[in-house]
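Got the model open in your viewer? Let's walk through it one selection at a time.

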Amino acid sequence: MEPIKQFLKGFLEYFKQSSTEYIEFELRELENIFALILMGSFIGIPSPPTTLVLRLMPHMIREIKVMQQRAVDLDDIFAEIAGMFDID
Amino acid sequence: MKEFLKPVDGFRVIFVIGKGGVGKTTTSASLSVALARKGYKTLVVSLDPAHNLGDVFMEKLNNKPREIMENLYASELDMEGMIKEYLEHLEKTMKMMYRYLTVINLEKYFEVLRYSPGIEEYATLEAIREILLEGDEWDVIVFDTPPTGLTLRVLALPKISLIWTDKLIELRRKILERRRAIEKIQGERRFVVDGKEIRLASREEEDAVMRELNAYREEIMFVYNVLTNPKRTAVIAVMNPEMLSLYETKRAYESLREFKIPFNMIVINKIVRMEIPEIKGKIRTQEKIISEVKKTFKNVEIIEIPMFQEEPRGIEWLEKVGGMIIGDH
């Protein structure tokens with residue numbers, strides 16, 4: 001009985017992971033965009049009111065982290081997308 | 001006295017705008033003297049970095065409203081100082097929050113921020129907002145503004161800020177929605193930065209970014225509501241009977257209409273009334289421009305102020321000119 005239970009649990013875990021994979025990708029993209037918009041003036045994109053940006057900055061730790069990670073992974077973005085669609 | 005100068009619904013805000021050197025400060029000063037004489041508790045504030053409101057009143061002025069005569073208070077805002085103070089305050093809060101995250105070299109960032117485009121406009125808007133927040137202390141607040149270009153940008157800011165804030169709120173909602181969806185399946189989520197664990201907020205009321213966005217929206221909405229309400233705000237444009245001045249007034253009129261800010265009166269200042277043979281051509285042009293102003297601005301009050309032999313300075317002079325503006329003489 002125990003192995004079957006374990007198998008089902010593992011199966012469920014896997015299912016949970018993969019079911020949120022797309023949403024997580026989308027979430028990361030949105031967080032990245034959010035940070036990019038606020039810091040756009042660094043790369044020449046018109047940015048929102050300076051006051052607003054400065055007020056939001058202190059709360060943007062997560063988004064800035066995501067944005068930085070995104071920049072690091074950028075050279076391999078196709079691999080990430082391919083992985084998501086199970087292309088080997 | 002004109003309806004758009006009286007406080008109807010709470011306090012009245014009057015912006016005096018116009019090209020550099022046409023007589024905005026003199027007009028604001030005269031207007032406020034006349035209003036104070038009528039018994040309205042009046043505050044006249046100079047937002048112009050090139051301060052000369054004090055020179056007109058022949059008094060030294062600073063950030064704090066100073067009593068000039070009964071019912072009349074005047075102040076000159078030190079924008080430079082305000083920007084500096086504002087940035088210092090921000091730097092402190094940012095440093096505290098980012099202790100454990102060295103993303104940007106903050107000191108360098110703040111050094112250049114002082115000269116960043118737009119910071120002056122935001123500081124001016126912030127100053128206007130702060131005065132409006134305590135507006136109930138006064139019956140009428142007269143703003144003597146910097147030359148048209150900067151003023152129009154400042155008056156446009158609330159609308160532009162609202163558009164930006166709404167877009168960011170929309171995007172933030174999407175992020176929070178996705179976070180909630182993931183949370184439902186995987187449970188509460190955390191993430192670690194430099195050894196510190198942070199819980200990912202997924203609900204609007206617990207997300208600091210969303211709270212900040214909403215707070216900012218409310219603040220801007222307050223200013224926007226005051227500026228676009230014809231019962232609370234009036235704009236007076238000052239011009240000289242010259243072509244350039246006329247063009248600028250037309251542009252200001254168009255822009256203000258776009259932002260739904262009322263435009264109530266034009267003061268044509270420094271009109272030469274005497275027949276002087278040497279400047280006959282100039283006088284003809286003046287007449288032409290005055291009649292064009294009357295033709296172009298149909299729903300706007302037009303006041304003509306002649307060129308005086310001496311500069312109108314000091315309370316007596318100001319009262320005389322002020323009477324002409326509010327229409328009592």
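On this tour, two residues are in contact when they have heavy atoms within 4.5 Å of each other. Keep in mind that this is a predicted model.

**Stop 1: A:Leu56.** Select A:Leu56, which sits in helix H2 of chain A. Show its neighbours, skipping residues up to four places away in sequence, and you get A:Leu38 plus B:Val209, B:Glu212 and B:Leu213 from chain B. Is A:Leu56 buried or exposed? A:Leu56 has a relative accessible area of 0%, so it is buried. Now draw a distance from its C-alpha atom to that of A:Leu30: the two are 26 residues apart along the chain and separated by 16 Å.

**Stop 2: the interface.** Next, select the residues of each chain that touch the other. You should have 36 residues from chain A and 42 residues from chain B. Between them the two chains bury about 3,800 Å², with 73% of it on carbon and sulfur atoms. On the chain A side, colour A:Leu54, A:Arg55 and A:Ile61: these lose the most area to chain B, together 18% of what that side buries.

**Stop 3: polar links across the interface.** Zoom in on B:Arg178 and A:Glu26, whose side chains form a salt bridge at 2.9 Å, N to O. How many salt bridges does the rule find across the interface of chain A and chain B? There are six. Polar contacts between the chains come to eight residue pairs, with both residues at pLDDT 80 or more.

Which helices of chain A each supply at least two residues of the side that touches chain B? Select helix H1 (2-38), helix H2 (50-56) and helix H3 (61-73). H1(A) gives the largest share, 14 residues. Colour that side of chain A by class and you'll see 20 nonpolar, eight polar and eight charged residues.

**Stop 4: B:Ser28.** Move to chain B and pick B:Ser28, in helix H1 (residues 24-37). B:Ser28 counts as buried because its relative accessibility is 0%. Leaving out residues up to four places away in sequence, B:Ser28 touches B:Val16, B:Val44, B:Val142 and B:Asp144.

**Stop 5: a hairpin in chain B.** Finish with strands E3 (residues 66-69) and E4 (residues 72-76) of chain B, which pair in the antiparallel sense over three bridges. B:Met69 stands opposite B:Leu72 in E4(B). Two residues lie between the strands of this hairpin, and B:Asn71 in the turn has a positive phi of about 70 degrees.

Methods. Residues numbered from 1 in each chain as written. Chains lettered and ligands numbered in written order. Heavy atoms only, no water. Pairing = 2+ DSSP bridges. Helix = DSSP H or I, 4+ residues; strand = E, 2+ residues; numbered from the N terminus. Buried area = accessible area lost by both parts, 1.4 Å probe. Salt bridge = Lys/Arg side-chain N within 4 Å of Asp/Glu carboxyl O. Polar contact = N/O pair within 3.5 Å; in protein donor to acceptor, adjacent residues only side chain to side chain. Nonpolar A, V, L, I, M, F, W, Y, C, P; charged D, E, K, R; others polar. Buried < 20%, exposed > 50% of the residue type's maximum accessible area, 1.4 Å probe, protein only.
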